[in-house]
Amino acid sequence: MPLAEILKTMHDAVVGFDDEGARKAAEQLIAEGFDPFTGIMEGLAGGMNTVGELFKKQEYFVPEVLLCAEAMNAGLAVLSPHLKAGEARSEGTVIIGTVQGDIHDIGKNLVKMMLEVGGFKVHDLGVDVPHEKFVEEAVRVKADIVGVSSMMTTTMMGMKKLIPMLKEANPKVAVMIGGAPVTPAIVKMFKADGFAASAADVVVEAKRLVAAAN
Amino acid sequence: MAKQLLIDAFRGKKTSRAPWFPYAGVNCAFHINEKAEDFLKDPALIAKGVSTTAKLYRADGIPLLFDLSVEANAVGCDLKWWADNVPSVSTHPCSGMQTPAQLGLKVPTKESGRWPVIMEAGRQTKPLLDAMDCAMVGLHCGPLTLASHLAGVRIFTDIYKNKPFAHEVLKFCSEVIAASAQFYVDMGCEIIGIVDPVASQVKAESFEEFVTPYVQDSIKVIHAAGGTSIYLICGDCTKVMKNVCTIGTHGFAIDEQLNLNYVRDMARKHGVGFGGHLKLTMALSLGLISPREDAIASLASGGTEGFVLAPGCDLPYDVSAESMGQVLEAMDWYAENYPAYPETED
């Protein structure tokens, strides 16, 4: 089967939350000798980009996005072990976590997955992460980007305190914030560097931030 | 203050002005200089905070609590407490795909979890609010949100992949929240709300299958007691707006993300009341938009037929009296300049 056809099958399996279909397409791609990195970026991640668009149009909601992510992971499980050493390059190092006081993590987990697929090395600090922990870990791993998520207005206000702490520890680190209550106006007010309205946009934004810093 | 205006508006009726219903949960603790955790654990502090805030805000109605962890805790989930927020539910007993029945979870009684504190708080608070002609509103967790507390994130994929399990969890949740509704009826709450924030995160077909059936027991309890029922939902619920309007409650409330003109038209089409939608983040917390102007815009859109002026969601702990004062100014200015405008003119 031609590569383009396999990639479309993989893409459609992700969009159709078909774990088995994604897995089989990934196995076929390997069997045919095609590049697994292409399969990941154009098949699986491509499918999640479409999912992101469907989410923005409110045709897909949280359950559908989570199911699509499971299908993508089914394909990733097949392709990742076949990546050549040099292909597992890092676009940058990211710390990600849900802000102190907040235990919601659906969005954060989707963003983490997209960043990993997009070639970033991601350190996930989990939920309810104290401000000091964000700062310590960002310094320890020499993070290029710190991603902070919140689901509630009340906890989002903590980002306003956290961002200056991160910048004081490392003025060059880029801070990306996101979550249900976060808007571009708040990104500006809190002096964050980046924002992604959905997981589908996050890789482009993260690459922009890394490029801007270099 | 005018309790009956609030009841009438939530039932979709015309009113002489839009009633005012501030969702001051732990914000009540702020106004009596108490930490949220201490406030929520002490009936006397709840009574003091709620009555103080109702007076400060000139509220027509105020929740006794705005805390969606109560039901989960009452069936055995652990909580993490905060100084400036409601507790978070930190354990999810059904997340390993064991049903509530298999785990031996029980429908709460008035002795379960924090209910003894809440019942006593209601007993102390009711007469204080009655004296101000302010409705004491009981808010309990909605079924899908409670299911997400019990089963964790998996409930969102279980509604596709493991439907029988999802239905069993939700059936149990419907019994739990019906019990909560009865407790609030017994406390004398004239208005009882079902608060289901995560329900905006599913599509209309999923809402119809996994939310609507599981609020009916609670609604029956409220209506049997002659109470007024409302359904509160957060997030962009545009795609499930029709479901919300037809869920069976007298009225509903939405958050700041929606277009209030659209919400108003939908509510009136279905003959229900609607509440909202002051911008918590942009106006009341951050002041990026003037709270006064935001309130005027809401009052103008909402009108005086079935509309209740309310924040988009639970007020953050430290929202100041000054910010809310701007909302009160807006209400006074609007009433003076647009008396009974335009719907009550015959």
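**Figure 1. Two domains make up the assignment of chain A.** In this predicted model, the domain assignment of chain A gives domain 1, spanning 3-87, and domain 2, spanning 92-213. If you would like a sense of scale, the C-alpha centres of domain 1 of chain A and domain 2 of chain A are 25 Å apart. Where they touch, domain 1 of chain A contributes 13 residues and domain 2 of chain A contributes ten residues.

**Figure 2. A closer look at the side of domain 1 of chain A that touches domain 2 of chain A.** Two elements of chain A give two or more residues to this side: helix H3 (36-56) and helix H4 (62-79). Of these, H3(A) gives the most, with ten residues. Sorted by class, the side of domain 1 of chain A that touches domain 2 of chain A holds nine nonpolar residues, alongside two polar and two charged ones.

**Figure 3. Helix H1 of chain A crosses H3(A).** Here we stay with H3(A) and bring in H1(A), which covers residues 3-15. Their axes come within 8 Å and cross at roughly 35°, and the crossing of H1(A) past H3(A) is right-handed. On the H1(A) side, look for Leu7(A), Met10(A), His11(A), Val14(A) and Val15(A). Facing them, H3(A) offers residues including Gly39(A), Gly43(A), Gly46(A) and Gly47(A), as well as Leu44(A), Met48(A) and Val51(A). Glu42(A) and Thr50(A) of H3(A) also take part in the contact. Taken by class, the contact of H1(A) with H3(A) has seven nonpolar residues, six polar residues and one charged residue.

**Figure 4. Chain B meets chain A.** This view moves on to the contact between the chains, to which chain B brings 24 residues and chain A brings 17 residues. On the side of chain B that touches chain A, helix H9 (154-161) and helix H15 (280-285) of chain B are each the source of at least two residues. What classes of residue will you find on the side of chain B that touches chain A? There are twelve nonpolar and ten polar residues, with two charged residues completing the set.

**Figure 5. Gly325(B) in its helix.** Our last stop is Gly325(B), which sits in helix H17 of chain B, residues 321-337. Gly325(B) counts as partly exposed because 14 other C-beta atoms lie within 10 Å, a number between the limits of 12 or fewer for exposed and 20 or more for buried. For a second landmark, find Pro197(B): this residue and Gly325(B) are 128 residues apart along the chain, and their C-alpha atoms are separated by 27 Å.

Technical notes:
Residues numbered from 1 in each chain as written. Chains lettered and ligands numbered in written order. Predicted model: local features only at pLDDT ≥ 70, side-chain atom pairs only at ≥ 80, totals over all residues. Domains from an automatic or database assignment. Contact = placed C-beta atoms within 7 Å. Helix = DSSP H or I, 4+ residues; strand = E, 2+ residues; numbered from the N terminus. Nonpolar A, V, L, I, M, F, W, Y, C, P; charged D, E, K, R; others polar. Axes fitted to C-alpha atoms, helices over the stretch in contact; angles between N-to-C directions. Left-handed = near helix turned anticlockwise from the far one by under 90°.
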